[in-house]
Amino acid sequence: MKKLVVLVFLFLVGTIGVKAEDLTPNAESAILLEVSTGKVIYEKNANQKLAPASMTKVMSMLLIMEAIDNGKLSFEDDVVISDNASSMGGSQIFLQTGEKYKVRELLKGIAIASGNDAVVAMAEKVGGSVSSFVDLMNQKAKSLGLTNTHFDNPHGLESENHYTTAKDMSIMALELLKHEKILEFTSIYEDYLKKPDGSSVWLVNTNRLVRFYEGVDGLKTGFTNQAGYCITTTAKRGDLRLLSVVMKAETSDLRSKDTVSMLNYGFNTYKLDVLLKKEEELGEVKIEKGKKTKTKVYLEQDVTILSKISDNAEVFDYNLVVEDIEAPIKENTKVGYLEVMDKEGHIIKEVDVVVNEEVEKASFLDLWTRVLQVFTGGIFR
């Protein structure tokens, strides 16, 4: 790999620390972090294993969104409701056996109304069966490094071997937020599901903060007797997006109170500095055996630093580390990463870099012409 020093930047930064006071007196477990950096701002018993109730659907929605983004599923695909799906208890949107809905409609029923029937129907659509879908959930949890999480079902109804932690829940939610389209569903406060017989079901978001707290646009609530009241919440103001998890509060009002406490602290204390935008060109890299010999590279995402409002100035170095690239390559292929270093030279962040165009493999004639150009000073073109 090739390493190039590309920039030095002056910006504000500070130490991210946990607030000493208890921001969540009503929750058994909680966590607050900033989304783009993943920096934890506050945590309380964040590794304690607890039942997640319907927050389980964060993982279910993640697998659904991955299937859509990978082209294995479409928002407009039809889903026929099975006996198993229509018989689900708990929160539901009253689906009937044999009815047909679009993926988009069922996803809305999951995200807004926390429909257990809707999530089972989608589990069968994506996984082929509920048990196969649950296997996919646990495989995904393992791939994300969630060692304190295990799923028995896609909806969160009580089960002995169904658990997670606030920290693991936050990691799942971060992964889901990479699929930004999901916020178009979770941010809806109320809507209607039109049924095949012409009637409608009123869908009201179980997350009341979507209406009553500025910037909240997701993600998922939960309640069972075992889990108590829990909620995973995300809110954005300006460039700053926060993510919080509250687990095992005694009432829905208390889970909201603790969530608001964390979000208020985060928005009032921290700011997000955007050092480099993802659209920013970092330079050109060489391509071996391609129809083009060079291509430009760009950041896959913004380079951001979370800092307190009262921070001191500090210098950052940036190193671009690029892999040896050989054609063919597809658009948005990762070809290296950008290192962000503090003034002591410690790497504090790495952001992937990608090419923004497809480069085909050169033909024999292309390569031969290129050799002739070198030896003839460009006469052969």
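Burial is expressed here through relative accessible area: buried means under 20%, exposed over 50%, and partly exposed in between, with a 1.4 Å probe and protein chains only. By this criterion Lys44, at 17% relative accessibility, counts as buried. The structure is a predicted model, in which local features need pLDDT of at least 70 and side-chain atom pairs count only at pLDDT 80 or more, whereas totals for chains, interfaces and linings use all residues. Residues are numbered from 1 along each chain as its sequence is written, and side-chain values use heavy atoms, with hydrogens and water left out.

Salt bridges were considered first. A salt bridge is defined as a side-chain nitrogen of Lys or Arg within 4 Å of a carboxyl oxygen of Asp or Glu. Across the whole structure, 15 salt bridges are found. One of them joins the side chains of Asp22 and Lys44, with an N to O distance of 3.3 Å. Asp22 lies in the loop between β1 (2–13) and β2 (29–34) and Lys44 in strand β3 (residues 40–44), so this pair ties together parts that are 22 residues apart in sequence. Secondary structure elements are DSSP runs numbered from the N terminus, helices being H or I runs of at least four residues and strands E runs of at least two. In contrast to the buried Lys44, Asp22 is partly exposed, with a relative accessible area of 40%.

A further salt bridge links the side chains of Glu66 and Lys140 at 2.6 Å, N to O. Because Glu66 lies in helix α1 (residues 57–69) and Lys140 in helix α5 (residues 130–143), the pair ties together parts that are 74 residues apart in sequence. Glu66 is buried at a relative accessible area of 17%, and Lys140 is buried at 15%. Lys181 and Glu184 also form a salt bridge, their closest N and O atoms being 3.3 Å apart. Here Lys181 is partly exposed, with a relative accessible area of 35%, and Glu184 is likewise partly exposed, at 45%.

Glu66 and Lys140 both recur in the lining of the second largest pocket. On a 1 Å grid over the protein atoms alone, a pocket is an open set of points where a 1.4 Å probe fits, with protein on both sides within 12 Å along at least five of seven lines; lining residues have an atom within 4 Å of a point. The second largest pocket holds about 230 Å³ of space, the volume being that filled by probe spheres set on grid points joined across faces, edges and corners. Besides Glu66 and Lys140, the lining includes Leu63, Ala67, Asn70, Lys72, Leu73, Lys125, Val126, Phe133 and Leu136. Helices α1, α4 (116–127) and α5 each supply at least two residues of this lining. By class, the lining comprises 6 nonpolar, 1 polar and 4 charged residues, where Ala, Val, Leu, Ile, Met, Phe, Trp, Tyr, Cys and Pro count as nonpolar, Asp, Glu, Lys and Arg as charged, and the others, Gly among them, as polar.

Arg255, found in helix α9 (residues 252–269), is buried yet has no salt bridge. The nearest side chain of opposite charge is that of Asp253, 7.8 Å away; for this purpose Lys and Arg count as positive and Asp and Glu as negative, while His and the chain ends are not counted. The side chain of Arg255 does, however, reach the backbone oxygen of Gly222 at 3.0 Å.

Backbone geometry was then examined. Most residues other than glycine have a negative phi, and most peptide bonds are trans. A cis peptide bond nevertheless joins Gly218 and Leu219, with omega of about 15°, and Leu219 is placed in strand β8 (residues 216–224). Gly218 and Thr186 are 32 residues apart in sequence but 4.8 Å apart in space, C-alpha to C-alpha. Thr186 lies in helix α7 (residues 183–186) and is buried at 1% relative accessibility. The peptide bond from Ala327 to Pro328 is also cis, with omega near 5°; Pro328 is located in the loop between β16 (325–326) and β17 (334–341).

Positive phi values occur at two residues described here, Ala53 and Phe94. Ala53, with phi of about 50°, is found in the loop between β3 and α1 and is buried, with a relative accessible area of 1%. Phe94, with phi near 60°, lies in the loop between α2 (83–86) and β5 (100–102) and is partly exposed at 47% relative accessibility.

Key
A polar contact is a pair of N or O atoms within 3.5 Å; within protein, one must be able to donate a hydrogen and the other to accept it, and residues adjacent in sequence count only if both atoms are side-chain atoms.
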